[in-house]
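Here is my note on the model you sent. It follows one helix and the core around it.

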Amino acid sequence: MGWPSTTLTGRTIAFLVAPYGAEQVELTDPWQAVAESGGTPRLLSTAEGRVQAVRHRAPGDTFAVDALVADADPADYDGLVLPGGVANPDRLRLDRPAVAFVHACCAAGRPVAAICHAAWTLIEADAVRGRTLTSWPSLRTDLVNAGAHWVDEPVHVCRDGPGPLVTSRKPHDLPLFDDAFVTEFAHAAAKRRT
């Protein structure tokens, strides 16, 4: 991968998923990118215990939750990653603490990365209006109706807002997504230190 091993050293990155339905590779691949770049990934969810990931529609592995999103303070995190999967963001957008956490991260200018269907959660958090982003193609109309400009690109970085928003379409885009969000998160962290 293209990031130095220390770019996120000392930085804590939140990964927010529902108890069921996160696309496994969209959780594990970015998680590994954060860890390999020196950051500390932490898994937030709407319930304690373990989350059940999926591989498309089949059950995947389970992962231990580090903290409830209802108890999480956005100020404790240097960035937010929203994995996709169809059921995952659909469940998150119905959870008030999850939506409030995403909204607070975006409003505070924290860098946010979302892949595939995760843009649904961004829509619910009113974090796409006036922004340019990509997603799984079926979300295009939802995003446009929410005031976003949609593009069909493997990865898109939007800096027209409080903080950078990095989006990608699907698992195939993960190498570009990982590189882009790690770079943006590291740059945002460096700016906050100066």
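1. Some terms first. Helices (H or I, at least four residues) and strands (E, at least two) are DSSP runs, numbered from the N terminus. The expected span of a helix is 1.5 Å times one less than its number of residues. This is a predicted model: local features need pLDDT of at least 70, side-chain atom pairs count only at pLDDT 80 or more, and totals for chains, interfaces and linings use all residues. Residues are numbered from 1 along each chain as its sequence is written, and side-chain values use heavy atoms, with hydrogens and water left out.

2. Helix α3 covers residues 96-107, 12 residues in total. From first C-alpha to last it reaches 16 Å, close to the 16 Å expected.

3. Which residues of α3 are buried (under 20% relative accessible area, 1.4 Å probe, protein chains only; exposed is over 50%, partly exposed in between)? They are A98, V99, F101, V102, C105 and C106. They cover an arc of only 160° around the axis (taken from the directions from the axis to the C-beta atoms), so they sit on the same side of α3. On the other side, R96 and A107 are exposed.

4. At the start of α3, a side-chain oxygen of D95 comes to within 2.9 Å of the backbone nitrogen of A98. After α3 comes G109, with a positive phi near 85°.

5. The largest nonpolar core (buried Ala, Val, Leu, Ile, Met, Phe, Trp, Tyr and Cys residues joined through side-chain atoms within 4.5 Å) has 34 residues. Those with the most contacts inside it include L16 and F101. α3 gives the most to this core, with six residues.

How values were computed: A polar contact is a pair of N or O atoms within 3.5 Å; within protein, one must be able to donate a hydrogen and the other to accept it, and residues adjacent in sequence count only if both atoms are side-chain atoms.
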